[in-house]
Amino acid sequence: MGVGYDSDDNTVEECPLADGLRLVAKQELREDDIIRTHSLRAMRNWIRKHPDIVNCRTDAPFLLRFLRTKKFSVPMAQDMLERYLVIRQLYPQWFSKLDVDDPVISDILDSGYLVPLPGRDEFGRCVMFSCAGRFDPYKYTSADMARVHALIGESLMDDAENQIKGYSYVNDESGLLMGHMTLWSFSDLKRIIRCLQSSTPMRHKSTYFINVPNFADKFFTTTVSFLNSKLKSRVKFYSGQKDIQKFIDPKYLPKEYGGEIPLATMIVELKKKLRAKREMLMALDDMKINVNGKGKIISEFDDMQKELTGSFRKLEVD
């Protein structure tokens with residue numbers, strides 16, 4: 001039983017693309033109308049027959065998240081979807097109850113900690129902009145931080161342009177405190193990075209850090225070491241905000257960073273969009289998979305505990 005939109009296996013062409021997107025999808029993802037239609041049918045048949053999946057969305061925008069992330073390798077898309085359902089149940093503190101009107105989430109959104117920019121980067125990617133100094137690590141938890149990221153991410157994932165062109169991340173680390181670095185344990189940090197890499201259907205194309213204080217060098221070195229080789233190669237560090245204007249049109253940055261739109265205005269618009277999608281976002285919790293049969297996936301996360309002996313609370317900093 002699907003959650004979300006109704007689907008029709010007899011549809012000749014679902015989610016047709018504009019010519020510009022169609023070309024990018026063909027060149028980068030091997031996508032065309034026939035492959036898309038056949039792949040969607042294969043995904044739906046697999047979900048219906050899966051012995052452990054109890055409830056899952058089967059609408060095209062949802063399934064195309066996984067197919068496009070995995071360049072229409074149906075087996076790899078199926079594996080990622082299975083993992084996605086599993087982690088939502090293994091770690092509900094990070095991925096469930098994504099409610100824009102939750103008081104804690106609403107307060108963090110109002111702080112301006114994380115916003116998608118109104119314009120795209122030079123490659124047409126959606127840009128997620130964060131400022132560590134706007135997140136209070138003594139008032140909120142790592143789970144609160146994760147849910148804000150999950151909420152905004154889920155609100156963007158059904159968009160075809162985001163699925164095809166991917167995401168860039170700009171992280172301003174000015175205002176970083178020791179409290180931020182002790183917010184996550186080593187084990188939880190590695191688990192959530194594993195979730196983002198193997199279980200979250202987003203094409204992470206570039207990550208930029210600016211204004212990283214010297215005392216945090218070891219923290220970021222350790223964090224980046226948890227990434228796979230592909231994502232490591234896409235991480236860049238810059239000294240200041242002028243550097244990010246080289247790859248993002250300055251007018252799309254918050255006014256506080258030399259752009260045209262005040263951050264407060266971006267926050268208001270973000271919350272409007274999140275409220276418009278609130279029913280869909282809350283309904284994600286209706287999806288379910290029996291995790292008992294997913295021992296291999298669970299063991300991958302459990303094995304991390306054996307690999308890690310410390311936490312960032314024990315991290316020595318200069």
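**Close-up views of a predicted model**

**View 1. Phe209 and its neighbour in E6.** In strand E6, Phe237 is the bridge partner of Phe209. This close-up, like the others here, comes from a predicted model. Phe209 belongs to E5, where Asn171 stands opposite it. E5 and E6, the latter covering residues 235-238, pair in the parallel sense over 4 bridges.

**View 2. Strand E5 in its surroundings.** Strand E5 takes in residues 204-210, and 7 of its 7 residues are buried, so the strand is largely enclosed by the rest of the structure. Residues count as buried here when their relative accessible area is under 20%. E5 pairs with E4 (residues 167-172) in the parallel sense, over 6 bridges. Two of the facing positions are worth finding in this view: Ser168 stands opposite Ser206 in E5, and Asn171 stands opposite Phe209.

**View 3. Strand E4, covered on both faces.** How many of the residues of E4 are buried? The count is 6 of 6, and the strand is mostly covered. Look at one side of E4 and you will find Tyr167, Tyr169 and Asn171, all buried. Turn to the other side and you meet Ser168, Val170 and Asp172, which are buried too. Strand E3 (residues 126-131) runs parallel to E4, and 6 bridges join the two. Along this pairing, Cys131 stands opposite Asp172.

**View 4. The open sheet as a whole.** Here the strands from the earlier views come together in an open sheet of 5 strands, in the order E2-E3-E4-E5-E6 and with mixed pairing. At its edges are E2 (114-116) and E6, each of which pairs on one side only. Neighbouring strands of the sheet are turned against each other by 15° on average, with direction ignored. As a general reminder, the strands of a sheet pair through backbone hydrogen bonds, either parallel or antiparallel.

**View 5. Where H3 meets H4.** Helix H3 (residues 60-69) packs against helix H4 (residues 74-90) at an angle of about 125°, and their axes are 8 Å apart. The two helices are therefore oblique to each other. H3 passes H4 in a right-handed crossing. On the H3 side, the contact is made by Phe62, Leu63, Arg65, Phe66, Leu67 and Thr69. H4 contributes Val74, Ala77, Met80, Leu81 and Tyr84. Sorted by character, the residues of this contact divide into 9 nonpolar, 1 polar and 1 charged.

**View 6. Lys71, between H3 and H4.** Staying with this helix pair, we now focus on the loop between H3 and H4, where Lys71 lies. What is the phi of Lys71 near? The value is near 50°, which is positive in a residue other than glycine. Most residues other than glycine have a negative phi. Is Lys71 buried or partly exposed? Lys71 is partly exposed, with a relative accessible area of 36%.

**View 7. Arg30, between H1 and H2.** The last stop is the loop between helix H1 (19-29) and helix H2 (33-49), which is the place of Arg30. Arg30 is not a glycine, yet its phi is positive, at about 65°.

Notes:
Residues numbered from 1 in each chain as written. Predicted model: local features only at pLDDT ≥ 70, side-chain atom pairs only at ≥ 80, totals over all residues. Heavy atoms only, no water. Buried < 20%, exposed > 50% of the residue type's maximum accessible area, 1.4 Å probe, protein only. Pairing = 2+ DSSP bridges. Axes fitted to C-alpha atoms, helices over the stretch in contact; angles between N-to-C directions. Parallel < 35°, antiparallel > 145°, perpendicular 65-115°, else oblique. Left-handed = near helix turned anticlockwise from the far one by under 90°. Contact = heavy atoms within 4.5 Å. Nonpolar A, V, L, I, M, F, W, Y, C, P; charged D, E, K, R; others polar.
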